[in-house]
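Here is a friendly walk through one protein model, for anyone meeting it for the first time. Keep the picture at hand while you read.

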Amino acid sequence: MNKMGRRGKTIDDFVYTLAEGDTGQYYVGTISRAGIHRIDKNGDQFIQPVDNKRVGTKAIYKSRSGEMLVGGAEGIFTIKGDRLSEHHLSKYFSKDNVTGFLEDHKDNLWITSDLGIHLYSKGVYTYFGERTGLKAKFFRGSYEDSAGRIYFGSYGYGLIVYING
């Protein structure tokens, strides 16, 4: 396997997340000053980087509506062309580190972070974390199974399962 690059440049950084965009290009999120990169759909060259001022990109996610969400130490953003725009949910994450996104079968948006689990459903924001009795924090991954159970991986507290209904 080869490192990818253009004109002798490579992503020599801690790659934290990958996602495919609407037009088949790939987004690569890094956690240092390298920021977010786009790679062409053939996977062999860089396209212009996306707003490399962001540090600590922990999650890139394409929603069902096609919106590209970016999460990290500075909140939640959307990718629009070659720029990042602050997402309206970012206000809930001013002192948090967004680590992942998941849309469930009911079109609810689940957001994992260093301070807990966050749910955005039909315009209503709900927080699950230490302040609400959840012992775990530092969530890193999520998955919904065919029965609608949602699993959240935590750092140090194992697996948390959300069963709704």
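The side chains of D96 and S113 make a polar contact of 2.6 Å. This is a predicted model, and every value below is computed from it. To find D96, look in the loop between β10 (83-86) and β11. Is D96 paired in a salt bridge, or without one? D96 is without one although it is buried: R140, the nearest side chain of opposite charge, lies 7.5 Å away. A salt bridge here asks for a nitrogen of Lys or Arg within 4 Å of a carboxyl oxygen of Asp or Glu, so at 7.5 Å the two side chains do not qualify. D96 does have company, though: setting aside neighbours within four places in sequence, its contacts are G72, A73, S113, D114, L115 and H118.

**The chain as a whole**

Stepping back, the protein chain holds 17 strands and 0 helices. It has 165 residues, of which 45% count as buried. The chain exposes about 9,400 Å², and carbon and sulfur atoms supply 50% of that area. Taking contacts between residues at least 6 apart in sequence, 34% join residues at least 24 apart.

**A strand on the inside**

G72, one of the contacts of D96, belongs to β8, the strand spanning residues 68-72. How many of the residues of β8 are buried? The count is 5 of the 5, so β8 is largely enclosed by the rest of the structure. Its residues point two ways: M68, V70 and G72 go one way, L69 and G71 go the other, and all are buried.

Strand β8 has a partner in β7 (residues 57-62), which runs antiparallel to it and is joined to it by 5 bridges. One pair to look for is K62 with its bridge partner M68 in β8. The hairpin of β7 and β8 has 5 residues between the strands, and in this hairpin G66 takes a positive phi near 95 degrees.

Strand β9 (residues 75-80) also pairs with β8 in the antiparallel sense, over 4 bridges. Here V70 has F77 of β9 as its bridge partner. The hairpin that joins β8 to β9 passes through 2 residues.

**Charged pairs**

Side chains of opposite charge can pair when their charged atoms come close. In this model the count comes to 4 salt bridges, and the table shows some of them.

| Positive residue | Negative residue | N to O distance |
|---|---|---|
| R64 | D107 | 2.6 Å |
| R140 | D114 | 2.7 Å |
| K137 | E130 | 3.9 Å |

Which parts of the chain does the salt bridge of R64 and D107 tie together? R64 lies in the loop between β7 and β8, while D107 lies in the loop between β11 and β12, so the pair links parts that are 43 residues apart in sequence. Both R64 and D107 are exposed.

The salt bridge between R140 and D114 also ties together separate parts: R140 is in strand β15 (residues 139-144) and D114 is in the loop between β12 and β13 (116-121), so the parts it joins are 26 residues apart in sequence. R140 is partly exposed because its relative accessibility is 34%, whereas D114, with a relative accessible area of 15%, is buried. D114 is also among the residues in contact with D96.

In the salt bridge of K137 and E130, K137 is partly exposed, with a relative accessible area of 23%. E130 counts as partly exposed too, at 46% relative accessibility.

**Two more buried loop residues**

N108 sits in the loop between β11 (98-103) and β12 (109-113). Why does N108 count as buried? Its relative accessibility is 7%, and buried means under 20%. The side chain of N108 makes a polar contact of 2.6 Å with the side chain of S121. Leaving out residues up to four places away in sequence, N108 touches L102, E103, L119, Y120 and S121.

Finally, look for G24 in the loop between β3 (15-20) and β4 (26-30). G24 is buried, with a relative accessible area of 12%. From G24 to I39 is a step of 15 residues in sequence and 9.2 Å in space, C-alpha to C-alpha.

Definitions and conventions:
Residues numbered from 1 in each chain as written. Predicted model: local features only at pLDDT ≥ 70, side-chain atom pairs only at ≥ 80, totals over all residues. Heavy atoms only, no water. Buried < 20%, exposed > 50% of the residue type's maximum accessible area, 1.4 Å probe, protein only. Polar contact = N/O pair within 3.5 Å; in protein donor to acceptor, adjacent residues only side chain to side chain. Contact = heavy atoms within 4.5 Å. Areas by Shrake-Rupley, 256 points an atom, 1.4 Å probe, with all protein chains shown as cover. Pairing = 2+ DSSP bridges. Lys, Arg positive; Asp, Glu negative; His and termini not counted.
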